[in-house]
Amino acid sequence: MQSVSLNRIIEKMKLRNLTPEIDISKTKITVSDVNRPALQLAGYFEHYEPQRLQIIGFVEYSYMQSFSPERKEEIYDKLLSCDIPVIVFCRELKPDELFLKIAIERKIPLLMTKKSTSSFMAEIIRWLNVKLAPCIRIHGVLVDVFGEGVLIIGESGIGKSEAALELIKRGHRLVTDDAVEIRKVSDDTLIGSAPDVTRHFIELRGIGIIDIKTLFGVSSVKDTQSIDLVVHLEDWNKEKQYDRLGLEEEYTEYLGNKIVSHSIPVRPGRNVALICESAAVNHRQKKMGYNATQELYRRFQESMKRNEEEEE
């Protein structure tokens, strides 16, 4: 199961820890959904999911301040007896002494942010959706070509890294070489990134490891990129019939999502980087509503029709 450490969330979201005496080194968040415990503060705990990150906004805070001392003790005790990983107070709101005391006794960390409740919720949900998304790791190269994420796959030694290096020289950006971590952030989107260890590095046989960021500058690399197109490099096989018109699109499936795929035969003299660049531009055109194959077919039909009319 994917998880994110609470320390990582504090660092990323710039949160202030209100309970430093609690050990949070092993605290992890395992779900991307969050919860505002308004109904729980009113005493309704059915269908409550305490494993979510809990957020206290201005409305919940104001409601808590209206409680009598007896009501506070009753509700706070019931809420904080649940197995809650963390509670975040927005707008720099601070919990009262009783809430803080019970939270420390139950070892529930309390955090605080300057951000408004809605903006913090949107940001944390988006970030957790990416970090906790289903993830696989495949062998390949991911490059941002004109804004299109091109995943280059193929057997080891086929020339994936060399093609990526040529694309970088042509002004495109490297996301990852050799190992691609693919996360399913939605039913329509796959996000690719590099493992921390190999980020910004490329392996070239005969030369070794090179640092793309150092050699070509920060504009030549990118941390994450949606995967829009798969280019499968394979050795040229004269017995195989390759698609020359592109009438029917092929797809490669990762984590249940289908991505448009092209099989590119590799042989001496073919500029693989230029082919990948052209494939990315053509894919972009199709998304914008223009299909060169359909245009060619339309022209051919019109030409046939004119010839028939002239013969008559």
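These questions and answers cover a helix pair and a set of strands in a predicted model.

Visitor: Are α1 and α6 roughly parallel or oblique to each other?
Guide: Helix α1 covers residues 6-13, and helix α6 covers residues 117-131. They pack at an angle of about 130 degrees, with axes 12 Å apart. Angles over 145 degrees count as roughly antiparallel, and 65 to 115 as roughly perpendicular. The angle fits neither range, so α1 and α6 are oblique.

Visitor: Is the crossing of α1 and α6 left-handed or right-handed?
Guide: The two helices pack with their axes 12 Å apart. Their crossing is right-handed.

Visitor: How many nonpolar residues does the contact of α1 with α6 have?
Guide: α1 contributes Arg8, Ile9, Lys12 and Met13. α6 contributes Phe120, Glu123, Ile124, Trp127 and Leu128. By class, there are no polar residues and 3 charged ones. The nonpolar count is 6.

Visitor: Which residue in β12 stands opposite Cys135?
Guide: Strand β8 (residues 135-139) runs antiparallel to β12, and 5 bridges join them. Cys135 stands opposite Arg183.

Visitor: Which residue in β13 is the bridge partner of Lys184?
Guide: β12 also pairs with strand β13 (residues 190-193), antiparallel, over 4 bridges. The two form a hairpin with 5 residues between them. The partner of Lys184 is Leu190.

Visitor: How many of the 6 residues of strand β12 are buried?
Guide: β12 spans residues 179-184. Buried means under 20% relative accessible area. The strand is largely enclosed by the rest of the structure, because its buried residues number 5 of the 6.

Definitions and conventions:
Residues numbered from 1 in each chain as written. Predicted model: local features only at pLDDT ≥ 70, side-chain atom pairs only at ≥ 80, totals over all residues. Heavy atoms only, no water. Axes fitted to C-alpha atoms, helices over the stretch in contact; angles between N-to-C directions. Parallel < 35°, antiparallel > 145°, perpendicular 65-115°, else oblique. Left-handed = near helix turned anticlockwise from the far one by under 90°. Contact = heavy atoms within 4.5 Å. Nonpolar A, V, L, I, M, F, W, Y, C, P; charged D, E, K, R; others polar. Buried < 20%, exposed > 50% of the residue type's maximum accessible area, 1.4 Å probe, protein only. Pairing = 2+ DSSP bridges.
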